[in-house]
Amino acid sequence: SSAMEKNLMSGHALLDRVSEIPTVSLSALLDPGSLEMDVDASSESSSSSTNLLYEAVASIRHACLTVGFFYIKDHGVSDAVMQNAFDAIKKFFAQPTEEKRRLDATQSPLYRGYNAIEDGKHNCKRTEGYRDAKESFVIGMTEQHGSSPMHGANQWPEENDELKSAIEPYFEAVRKSARAVARGLAMAIDLPENYFLERLREPVAQMVMLRYQALHEVATNSEDKWLGCGPHTDCGFLTLLAQDSQGLDVFTGGEWVCAPSKPGHLLVNLGDMAAYWSEKASVKLKSTLHRVTNGSHARHSLVVFMNPDFEASMDIPDEHAGDSVERKSSREYRSAGHYLLS
């Protein structure tokens with residue numbers, strides 16, 4: 001409806017409803033032995049660990065059924081690794097455009113590298129009539145043993161490895177966090193604990209580093225409207241975000257709600273693939289609309305898109321499948337890669 005469209009494209013985000021985006025501790029999920037009873041441990045200790053695990057799983061389930069977003073803490077990414085990544089990407093974006101263009105994404109078969117504001121090729125979905133006031137730098141997974149067309153070489157500055165040495169440890173650490181989330185997500189929708197983990201051995205993962213322009217930088221001589229990033233859902237499986245300032249809004253309960261930066265936390269959301277996959281298990285998880293609005297200062301974010309192995313089957317075991325949920329899509333995909341490329 002036009003009223004809904006107006007609400008989607010305008011409206012101030014509400015700070016007083018931030019509490020609707022819950023926080024989950026990943027400590028129990030990061031420990032692969034947290035479901036195994038240690039014969040040398042006291043029953044009280046084992047019980048406490050199990051309680052923490054199921055508390056995390058219940059929190060993930062509630063968040064994914066209601067908001068589709070949740071913060072994570074105790075995620076295993078050190079403050080130093082995160083700060084190094086932010087420092088390095090801020091330094092990269094602060095360079096002259098011609099310097100950044102040496103790593104232009106058009107030079108990469110996988111479109112990895114630098115995307116200028118003028119290029120506008122940052123999302124898998126575009127919002128008609130809006131242009132994104134941001135620039136980005138993209139890397140992805142390189143080595144794998146299958147036939148994935150979505151793995152390949154990254155572009156890095158040749159003269160020094162400062163950027164690479166700061167970004168790669170962060171990318172690796174967040175992928176570990178994502179696996180812990182995936183473990184909890186499987187348990188949350190009553191799938192075998194390792195269901196997603198077994199499909200994340202050689203993930204189709206990307207890291208997108210972004211600089212959103214400050215309002216005073218945004219071009220005004222265009223018929224297009226400008227937004228940091230227009231309302232959209234992510235097209236993949238899991239997204240894990242670190243941000244240095246406010247600007248991300250989540251559309252929930254018919255209104256925009258702020259999802260501010262929380263020191264030491266990552267923000268997780270489900271993409272369309274996770275929602276599709278969950279429907280096959282008779283659960284309706286949420287892939288939620290979100291946007292970025294430009295503020296008085298530039299905003300930087302580190303975004304990791306975690307997708308399953310290219311050849312991973314999206315079949316659900318018969319004992320966990322069901323048809324009681326109304327499916328948004330009746331289409332079947334032979335693999336996760338088929339889904340991503342469709």
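How many Å² does the accessible surface of the chain come to, and what share of it belongs to carbon and sulfur atoms? The surface is about 16,200 Å², and 49% of it belongs to carbon and sulfur atoms. Areas like this come from the Shrake-Rupley method with a 1.4 Å probe, and for residues only the protein chains shown count as cover.

Before you click around, know that this is a predicted model: local features need pLDDT of at least 70, side-chain atom pairs count only at pLDDT 80 or more, and totals for chains, interfaces and linings use all residues. Residues are numbered from 1 along each chain as its sequence is written, and side-chain values use heavy atoms, with hydrogens and water left out.

**Stop 1: the whole chain**

Switch to a cartoon view. You'll find eight helices and 14 strands; helices (H or I, at least four residues) and strands (E, at least two) are DSSP runs, numbered from the N terminus. Of the 342 residues in the chain, 51% are buried. Buried means under 20% relative accessible area, exposed means over 50%, and partly exposed is in between (1.4 Å probe, protein chains only). Now think about contacts, meaning heavy atoms within 4.5 Å. Take those with a separation of 6 or more: 80% of them join residues 24 or more positions apart.

**Stop 2: colour by confidence**

Colour by pLDDT, the predictor's confidence in each residue, from 0 to 100. The chain has a mean of 85, and 81% of its residues reach 70 or more. Select residues 1-5, where pLDDT stays under 50 and the model has one contact beyond four places in sequence. Then try residues 34-42: pLDDT stays under 50 here too, but the model has 13 contacts beyond four places in sequence.

**Stop 3: helix α4**

Select residues 79-93. At 1.5 Å a residue, the 15 residues of α4 should span 21 Å, and the end C-alpha atoms are indeed 21 Å apart. That expected span is 1.5 Å times one less than the number of residues. Show the side chains of Met82, Ala85, Phe86, Ala88, Ile89, Phe92 and Phe93, which are buried. They cover an arc of only 165° around the axis, so they sit on the same side of α4; the arc is that of the directions from the helix axis to the C-beta atoms. Spin to the other side of α4 and you'll meet Asp79 and Ala80, both exposed.

**Stop 4: helix α7**

Next, select residues 272-280. How many of the nine residues of α7 are buried? Nine of the nine are, so this helix is largely enclosed by the rest of the structure. Among them are Tyr276, Trp277 and Lys280. What do the buried residues of α7 pack against? Select β12 (266-270), β14 (299-309) and α8 (336-341) to see those partners. After α7 comes Ser282, with a positive phi near 65°.

**Stop 5: two loop residues**

Go to Tyr111, in the loop between α5 (97-100) and β3 (113-115). Its phi is near 55°, a positive value in a residue other than glycine. Tyr111 is partly exposed, at 25% relative accessible area.

Then jump to Asp190, in the loop between α6 (162-188) and β6 (203-212). Asp190 also isn't a glycine, yet its phi is positive, about 60°. With a relative accessible area of 54%, Asp190 is exposed.

**Stop 6: cysteines**

Finally, select Cys64, buried at 1% relative accessibility, and Cys229, buried at 2%. How many disulfides does a search of the whole structure find? Zero, where a disulfide is a pair of cysteine sulfur atoms within 2.5 Å.
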